[in-house]
Amino acid sequence: MKVVKNYLYNISYNILTLVLPLITGPYVSRRLGATGVGINSYTYSIINWFVLCGSIGIAYYGNRQIAYVKENKYALTQNFVELQILKSIFILLSYSIFIIYICINKNYIYYLLIQSIYIIAAGLDISWLYMGLENFKITVIRNTLVKVSSVILILILVKDKSDTGIYISIMAIGTLLGNLTLWPSLTKVLLKINWHDLHPFRHLRGSISLFIPLAAVQLYVGLNKTMLGALDSTNASGFYDKADSLVKLVLTLVTSLAGVLMPYTAKSVASGDMKKVKNVLYLAFDFSSFVAFPIAFGIAGISIKFGPFFYGKEFKEVGIALFVESIVMVFMSWSSITGNQYLVPTNQVKPYTVSIFIGAFVNIILNVPLILNFGVKGAVVSTVLAELAVSFYQIWYIRKEVDIKIMFNNTLKYFVSSLIMFIIVFILNLKLEMNILTLIFEISIGCFIYLCLIFILKPTIINYINDFIVTTVNKIKSIKREKSENNSCEL
């Protein structure tokens, strides 16, 4: 039940992060135009390299490390302080290198300086501590308040292309404040510690081992935006960013499960219960496929007209890019389970790293010719093939440790149901004029068709959902019964 509650907290927050850009996205794209959106995307992709290097994999490593020692409060405090000291050192080093960079390369220096707030925010990000403690409530509530405030400020202050700097400032400062709000609660979590017990650099090897795959991911995620800005135009970088952001936002509905299960799996590994680890893997992989296939095919079905409708006529290329990239949600949902929820918690960081480097290699090799010849569409194709390579290698690697047949037992049913749904929705999308009512209609029809086909084909996920509903209902009845008996005793 704790895992379910954490998942609900996490998915609620991720739904909010999905809904808010649906509000601000069309507004910002129309106010800033393709130029302003492109400048933000391009400069943020550069800053993200410095954030990545400053964070040195602490988010993943810290999450796992805290999960290992959470029962020992002194060890918990010691690990947290050591990791935070280590990250602070690298953040300061990263910011120093950034200053050197802008002294050498003076393009967009004003916007880059504002974006550099993200580097400071990364140094103050301690969300990994609460994730390791499986306390998702505090991060969800506080970040929700900050994000809603940011949206309000954007709607009030961002009016035209000249406000690009204001928009970047609101987003960056909002992230900084969101991270700061987590610090006051540390007094309830940590103990006083003997500073002589601190040895922060003992974590360097472990954090870097997870930093390497993160850097590789950045090579084929962030590099696409940077390369589009350099080889094509900042506008092209903006088009790719909008399509990619929509895909990644929707993807959080699936990958949030891996974030919740990672500390749970790490705890099971620490206790030596590998049977439980594998059972959780099978269920999580099946659930991710159950959700990812219809979302991917559904987005592809509405994408062509949705891009320019949502962002404005300048963003027609977003719709085409979205159509191609939507399938990546299936591959990324699989790798989020096999990688983040299985390989990393079970200390198999090497194959995880290798898979990411394979993806980076595929992306880099294909990026230059595809971008030069096809622009945004080429970058999207490169992304899809890179993610396919990552998920394929991870699944191939764990084939001797787990039962692949169980993992893919229901995949064909999800694929067929989603494909039939896609064909109907795509035809409707081509024939109907795009507006908010037809969009709601197409999404509703798609959901209805998919769920009907799922109930006809009867994948095993239905049994799990039914068991969960029955268990929840019985628990609620039990609680009510206990309260009723207590009230009777009092009388």
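Helices here are DSSP runs of H or I with at least four residues, numbered from the N terminus. With that in hand, welcome to a predicted model whose chain has 19 helices and zero strands. Serine 417 makes a handy starting point, and its place is in helix H17, which spans residues 411-431. From there, this briefing moves to the chain as a whole, its cores, a surface patch and a salt bridge.

**Serine 417 and its surroundings**
- Serine 417 has a relative accessible area of 0%, so this residue is buried.
- Its side chain reaches the backbone oxygen of lysine 413, at a distance of 2.8 Å.
- Setting aside residues up to four places away in sequence, serine 417 touches Tyr450, Leu453, Ile454 and Leu457.

**The chain as a whole**
- The chain has 491 residues, and 54% of them count as buried.
- Among contacts with a separation of 6 or more, 85% are between residues 24 or more positions apart.
- The accessible surface adds up to about 22200 Å², and carbon and sulfur atoms hold 69% of that area.

**Nonpolar cores**
- In soluble globular proteins, nonpolar side chains tend to be buried together.
- The largest nonpolar core in this model has 105 residues, and the members that touch the most others are Phe80, Trp128, Leu129, Phe306 and Met329.
- Helix H11 (residues 274-311) supplies the largest share of this core, with 18 residues.
- What does methionine 329 contact, leaving aside its neighbours within four places in sequence? Its partners are Val247, Val250, Leu251, Ala292, Ile295, Ala296 and Ile299.
- A second, separate core holds 16 residues, including Ile46, Ile117, Ile119 and Ala121.

**A nonpolar patch on the surface**
- Ten names make up this patch: Leu412, Phe415, Val416, Leu419, Ile420, Ile423, Ile424, Ile427, Ile456 and Leu457.
- Together these residues have about 810 Å² of accessible area.
- Two elements give two or more residues to the patch, namely H17 and helix H18 (436-457).
- H17 is the top contributor, with eight residues.
- Leucine 412, one of the patch members, has its place in helix H17.
- Because its relative accessibility is 60%, leucine 412 counts as exposed.
- Leu457 belongs to the patch and is also one of the residues that serine 417 touches.

**Leucine 155, a contrast in setting**
- Leucine 155 lies in helix H7, which covers residues 136-157.
- With a relative accessible area of 33%, leucine 155 is partly exposed.
- Its C-alpha atom is separated by 7.8 Å from that of tyrosine 27, although the two residues are 128 residues apart along the chain.

**The salt bridge**
- Side chains of opposite charge can pair when their charged atoms come close.
- How many salt bridges does the structure hold? The count is one.
- The partners are arginine 202 and glutamate 82, and their closest N and O atoms are 2.8 Å apart.
- This pair links distant parts of the chain, as the two residues are 120 residues apart.
- Arginine 202 sits in the loop between helix H8 (164-180) and helix H9 (204-231), while glutamate 82 is in helix H3 (residues 73-104).
- Is glutamate 82 buried or exposed? Glutamate 82 counts as buried because its relative accessibility is 0%, and the cut-off for buried is under 20%.
- Arginine 202, at 45% relative accessibility, counts as partly exposed.

Terms used
Residues are numbered from 1 along each chain as its sequence is written. This is a predicted model: local features need pLDDT of at least 70, side-chain atom pairs count only at pLDDT 80 or more; totals for chains, interfaces and linings use all residues. Side-chain values use heavy atoms; hydrogens and water are left out. Buried means under 20% relative accessible area, exposed over 50%, partly exposed in between (1.4 Å probe, protein chains only). A polar contact is a pair of N or O atoms within 3.5 Å; within protein, one must be able to donate a hydrogen and the other to accept it, and residues adjacent in sequence count only if both atoms are side-chain atoms. Contact means heavy atoms within 4.5 Å. Accessible areas come from the Shrake-Rupley method with a 1.4 Å probe; for residues, only the protein chains shown count as cover. A nonpolar core is a set of buried Ala, Val, Leu, Ile, Met, Phe, Trp, Tyr and Cys residues joined through side-chain atoms within 4.5 Å. Patches are made of residues with over 30% relative accessible area and no salt bridge: like charges are joined within 9 Å, nonpolar side chains (Val, Leu, Ile, Met, Phe, Trp, Tyr) within 5 Å. A salt bridge is a side-chain nitrogen of Lys or Arg within 4 Å of a carboxyl oxygen of Asp or Glu.
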